[in-house]
Amino acid sequence: MAGALVLVGTPIGNLGDLTPRAVEELARADVVCCEDSRRTGRLLAHAGIRARELLVVNDHNESRQVEGILLRLARGQRVAVV
């Protein structure tokens, strides 16, 4: 089974602007990649989503995280990027 990499647009400012499709994709994800786990955690809590896993990917660790993300996709996981 092939994995899926899903790019999820998130609102700037008003959390109420999160779309139903974004909520659906975040809820389905095996892992949510984000730049800041605190902000993304608040967004998920607002939407009533309990993420299976949050993975911080930013300028400081991006090159180290890419291989692991590719392995997850190869194993059939659904990876959401916010």
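Let's start with one pair: valine 6 stands opposite alanine 80 in β4. Strands here are DSSP runs of E, at least two residues, and helices are runs of H or I, at least four residues, both numbered from the N terminus. Keep in mind that this is a predicted model: local features need pLDDT of at least 70, side-chain atom pairs count only at pLDDT 80 or more, and totals for chains, interfaces and linings use all residues. Residues are numbered from 1 along each chain as its sequence is written, and side-chain values use heavy atoms, with hydrogens and water left out.

Back to the strands. β1 (4-7) and β4 (78-81) run parallel, joined by four bridges. β2 (31-34) also runs parallel to β4, with three bridges. Two strands pair if DSSP finds at least two bridges between them. In that second pairing, valine 31 has valine 79 of β4 as its bridge partner.

Now the core. Which residues make up the largest nonpolar core? There are eleven: Val6, Val8, Leu18, Ala22, Leu26, Ala29, Val32, Leu43, Leu44, Ile49 and Ala80. A nonpolar core is a set of buried Ala, Val, Leu, Ile, Met, Phe, Trp, Tyr and Cys residues joined through side-chain atoms within 4.5 Å. Buried means under 20% relative accessible area, exposed over 50%, partly exposed in between, with a 1.4 Å probe and protein chains only. α1 (20-28) and α2 (37-47) each give this core at least two residues. A second, separate core has seven residues, among them Val31, Cys33, Leu55 and Ile69.

Next, the two helices. In α1, the buried residues are Ala22, Glu25 and Leu26. Seen down the axis, they fall within an arc of 100°, so they line one face of α1. The arc is taken from the directions from the helix axis to the C-beta atoms. Why would such residues line up? An α-helix has 3.6 residues a turn, so residues three or four places apart point the same way. These buried residues of α1 pack against β1, β2, α2 and β4. Contact, by the way, means heavy atoms within 4.5 Å.

α2 has its own buried set: Thr40, Leu43 and Leu44. Their arc is 95°, so they too line one face of the helix. Their cover includes α1, β2 and β3. Arg38, Arg42 and Ala45 are exposed on the other side of α2. At the start of α2, a side-chain oxygen of aspartate 36 comes to within 2.9 Å of the backbone nitrogen of arginine 38. After α2 comes glycine 48, with a positive phi near 75°.

One loop residue deserves a stop. Where does asparagine 61 lie? In the loop between β3 (54-56) and α3 (62-74). Is asparagine 61 buried or exposed? Buried, at 11% relative accessibility. Its side chain reaches the backbone oxygen of valine 56 at 3.0 Å. A polar atom of that side chain also lies 2.8 Å from the backbone nitrogen of asparagine 58. A polar contact is a pair of N or O atoms within 3.5 Å; within protein, one must be able to donate a hydrogen and the other to accept it, and residues adjacent in sequence count only if both atoms are side-chain atoms.

Last, the cysteines. How many disulfides does the structure hold? Zero. A disulfide is a pair of cysteine sulfur atoms within 2.5 Å. The sulfur of cysteine 34 is 7.6 Å from the closest cysteine sulfur, in cysteine 33, so that is too far for a bond. Cysteine 33 is buried at 3%, and cysteine 34 is buried at 1%.
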